[in-house]
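Biologist: I am new to this structure and would like a close look at a single part of it. Please take me through that part slowly, and then through whatever it is connected to.

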Amino acid sequence: IAYGLDPQTCRPADITQRHDQGMRELEAPEMIPAGEAPIKEVVRTGDAVDLGKLPFFRNAEKDSRPGWIAPIYVCRDLDTGQYNLSWHRGQYVSQRRMTARFYPGRDIYNNFNRHVAAGKPMRTVAVIGHHPVFGDGAGTSFAAGIDEYSGVGGIYRKATGNRLRVTSSELWGDEMLVPAD
């Protein structure tokens, strides 16, 4: 259903084919004003931020407490400025802090290490609750040099018929775009 296919007639290969077609048809996201972005309908800052209200979970008795979450992390490459989108585990630490687990060999891990070596913070956004195809796209490994908002945008358009939309972030404005929907 998320890929716009009839579940009664489609085959698993149809989903893969549609995803692959979207990967080949890159499409930059549409930038919309913050005032038009549904994501901006509720904005919490400062003491109003409470990460504990997010759906953190534990899947086993000995899992770390209070729990973890698997958002899509959005960051920009230190050298090129291109966007990287990928799934990673996030651990709840406190009301206004969570950690992220970046795996060796992944683009975001390498980018993080370049930021550390340069003595610069890596601006990162954790996206929770977007369209399922956005998540599938973020889990896709794109060729080097592709801005992953464009990669995910192509998949999103092919699957939904709609253009992926982004808007300015609260903390960094146009320097870090976030999904608008």
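Modeller: A hairpin of three residues links strand 8 to strand 9, and since this is a predicted model, everything that follows describes computed coordinates. Strand 8 covers residues 165-169 and strand 9 covers residues 173-179. The two run antiparallel and are joined by four bridges, and within this pairing S168 of strand 8 has L177 of strand 9 standing opposite.

On strand 8 there is also a pairing with strand 1, made through two bridges, and here the strands run parallel. Strand 1 consists of residues 30-31, and both of its positions can be placed against strand 8: E30 stands opposite R165, while M31 stands opposite V166. Taken together, these pairings give an open sheet of three strands in the order 1-8-9, whose pairing is mixed. Strand 1 and strand 9 are at the edges of this sheet and have a single partner strand each, so one side of each is left without a neighbour in the sheet. As for strand 8 itself, four of its five residues are buried, and the strand is therefore largely enclosed by the rest of the structure.

The hairpin region is also reached by salt bridges from elsewhere in the chain. K40 forms one with E170, in which the closest N and O atoms are 2.6 Å apart. Because K40 lies in the loop between strand 1 and strand 2, and E170 in the loop between strand 8 and strand 9, this pair ties together parts that are 130 residues apart in sequence. K40 counts as buried, with a relative accessibility of 17%, where the cut-off for that word is under 20%.

A second such contact involves strand 9, where the side chain of E175 meets that of R123 in a salt bridge of 2.4 Å from N to O. R123 sits in the loop between helix 2 (107-118) and strand 7 (124-127), whereas E175 belongs to strand 9, so this pair ties together parts that are 52 residues apart in sequence. R123 is partly exposed, its relative accessible area being 34%. Salt bridges that share partners also join E27, R157 and R163 into one network.

For contrast, there is a salt bridge set within one helix: the side chains of R24 and D20 meet with an N to O distance of 2.8 Å. Both residues belong to helix 1 (residues 12-24), and because they are four residues apart, about one helical turn separates them. R24 is exposed, at a relative accessible area of 65%, while D20 is partly exposed, at 29%. In total, the count of salt bridges comes to 11. As a general point, side chains of opposite charge can pair when their charged atoms come close.

Finally, the loop that holds K40 leads from strand 1 to strand 2, and strand 2 takes part in another open sheet of three strands, with the order 2-5-6 and antiparallel pairing. At the edges of that sheet stand strand 2 (68-69) and strand 6 (97-101), each with a single partner strand, so one side of each is left without a neighbour in the sheet. Strand 2 runs antiparallel to strand 5 (residues 89-94), to which two bridges join it, and in this pairing W68 stands opposite Q91.

Conventions. Residues numbered from 1 in each chain as written. Predicted model: local features only at pLDDT ≥ 70, side-chain atom pairs only at ≥ 80, totals over all residues. Heavy atoms only, no water. Pairing = 2+ DSSP bridges. Salt bridge = Lys/Arg side-chain N within 4 Å of Asp/Glu carboxyl O. Buried < 20%, exposed > 50% of the residue type's maximum accessible area, 1.4 Å probe, protein only.
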